[in-house]
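User: Could you take me through one part of this protein at close range, and then show me what surrounds that part? I would like a connected account that I can follow on screen.

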Amino acid sequence: MVPSLPVTRFPAPALAARFRRATAAFLLGTTILSGAAAVLPAAAAAPVSVPGVSQELPGSFADLVDRVMPAVVNVSTVQSGDGAPEQRDLPGMPEFPPGSPFEEFFRQFQEQQRGSRPRAERQQAQGSGFIIDAGGYVVTNNHVIDGADEISVTLHDGSRLDAKLVGRDPKTDLALLKVEAGKPLAYLEFGDSDTARVGDWVIAIGNPFGLGGTVTSGIVSARGRDIQAGPYDDFLQLDASINRGNSGGPTFDVQGRVIGINTAIFSPNGGSVGIGFAIPSNLAKGVIAQLRENGAVSRGWLGVQIQQVTPEIADSLGLEPKGALVADVTANSPAAKAKLAAGDVILALDGRPVDTIKDLTRMVADSKTGSTVKLDILRRGKRETVAVTLDAMPDQPQVAAATQSPDQPGAAQTDTVLGMTLSSLDMSGRRRFGLSEGVEGVLVVGLEDAANGVNLRPGDVITEVGNERVAAPAQIAAKVEEAREAGRGAVLLRVNRQGTEQFVAVPIKKA
């Protein structure tokens, strides 16, 4: 049953023209006078004109929808149950003497009950997809077909075709199917998602709640959204209505090009609240091409642990808050062979700027295995270019081993620097915080109230300050004083936290 909705009644035709004139005049800041021309107040500002922007909203998307709709499909899946009926006797049945008439009665009752028990139900699911080739290649989401035993595709004309899974990529939530229609099929082309701007019109078509061929419109609400769905999150955020069943369907620009694949919604109630997410077409293109060619995706691997250059870290290094800071290098990785080192800041890959760590992750993943890329890096204040030959990404990348240095003999030295209580490492400190023999540096044993904003905790080991190794609290105090005299607002520490290397910028108070 369709729920009743409030109805807004519009003015009668005779009043409609006056209503439109009044509305337009109001929007332009005019005054409506009965029987007189509209007058613009002398103090009112002139309307703002934006060159190159249409002054009217689109009258209709109908022509665009007619053109693209035949290439949008519904995707149905079936995941079989085990199908095994229950074989155990029903509990609580009394025992009767052999040959008793009650024995035969209850035996028949048990058999009837077994036969009436339902088999494990087959799980069915529905989603959306779109055709990208006249030969029948169909793009959808991996989560739409994940675990399916049977996959079928329903075309716009109602034809239902069995689909074969060509390949899938869980990391980007993409999958490629193939159907045999016996004729060329209408198909869509990918557009350039990098040109999509916040505020641009978009149209989504899909199969929400099983209602195939549903069209919704809206705008690009935001770009570059990271919703913690995977390592390559770079979603377009849309306000076009997207619901369950839209997954895998296309998002179009006003030229009818696919700029996104709908994949997720933010919804506290299970329905659309105007926040949907689409995989950008420029991310999907390379993945789909590899799935079509190889049935799987091979990604380039650099072999570094990286972190964002925050404003605090940038202040400590004297550069803009852009780039990817190398926190650690995996042993025997392409980065290690190219002599990349912790503390290097990667600024560009093959001339393309690296503003965030997501930029670098995506660029490396998009690069072919075995290809050589050029990294522009900042090392100890100097710019350099390093050539790295990428390897195939391993399923479980090796964790980098901590760099070892000679043990520091003698009793532990302590000092307080920037609100941190520091101690040189000895066996007592190692046992107290469970530190391995391979970790060397200065141990953080406590923090004063004044250091509440410092992203450190007891048990952390400061291994470097300003890209120089340290083994005693006095060395850290000296490096902090150097940074203060140089006018720095922060000092950069390299920290080992339970075997994981990272950089932390600690603010310096002016003397």
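Analyst: Here is a walk that starts at a barrel and moves outward from there.

A word on the ground rules: this is a predicted model, in which local features need pLDDT of at least 70 and side-chain atom pairs count only at pLDDT 80 or more, while totals for chains, interfaces and linings use all residues. Residues are numbered from 1 along each chain as its sequence is written, and side-chain values use heavy atoms, with hydrogens and water left out.

The protein has 10 helices and 27 strands; these are DSSP runs numbered from the N terminus, helices being H or I of at least four residues and strands E of at least two. Of its 511 residues, 39% are buried, where buried means under 20% relative accessible area, exposed over 50% and partly exposed in between, with a 1.4 Å probe and protein chains only.

Now to the barrel. Six strands close it in the order β7-β8-β9-β12-β11-β10, and their pairing is antiparallel; two strands pair if DSSP finds at least two bridges between them. On average, neighbouring strands of this sheet are turned by 45° against each other, direction ignored. Look at β7 (residues 201–206) and β10 (residues 250–252), which are antiparallel partners over two bridges. There, Ala204 stands opposite Thr251 of β10.

Helix α5 (residues 281–294) packs on the sheet and touches β11 (258–265) and β12 (276–280). The direction of α5 makes about 50° with that of β12; axes are lines fitted to C-alpha atoms, for helices over the stretch in contact, and angles run from 0 to 180 degrees between N-to-C directions.

From α5 you can step to helix α8 (residues 357–366), whose buried residues are Leu360, Arg362, Met363, Val364 and Ala365. These buried residues pack against α5 and also against β13 (300–301), β14 (304–308), β15 (324–329), β16 (345–349) and β17 (352–353). Contact here means heavy atoms within 4.5 Å.

Further along the chain, strands β18 (residues 372–379) and β19 (residues 382–389) run antiparallel, joined by eight bridges. Asp376 has Thr385 in β19 as its bridge partner. Two residues lie between the strands of this hairpin, and Arg380 takes a positive phi near 50°. Leu378 belongs to β18, and it counts as buried because its relative accessibility is 13%. Beyond its neighbours within four places in sequence, Leu378 is in contact with Leu319, Gly343, Asp344, Val345, Leu347 and Arg383. From Leu378 to Leu319 is 9.5 Å in space, C-alpha to C-alpha, although they are 59 residues apart in sequence.

Finally, some ring contacts. Lys178 has its charged end over the ring of Tyr137, 5.3 Å from the centre, and Arg292 lies over the face of Tyr137, at 4.2 Å from the ring centre. A charge sits over a ring if NZ of Lys or CZ of Arg is within 6 Å of the ring centre and within 35 degrees of the ring normal.

In the structure there are three aromatic pairs, one of them the edge-to-face pair of Phe130 and Phe190, with 6.0 Å centre to centre and 85° between the planes. Phe130 lies in β2 (residues 123–131) and Phe190 in the loop between β6 (174–179) and β7, so the pair ties together parts that are 60 residues apart in sequence. Rings of Phe, Tyr and Trp (its six-membered ring) pair if their centres lie within 6.5 Å; planes under 30 degrees apart count as stacked, over 60 as edge-to-face and the rest as tilted.
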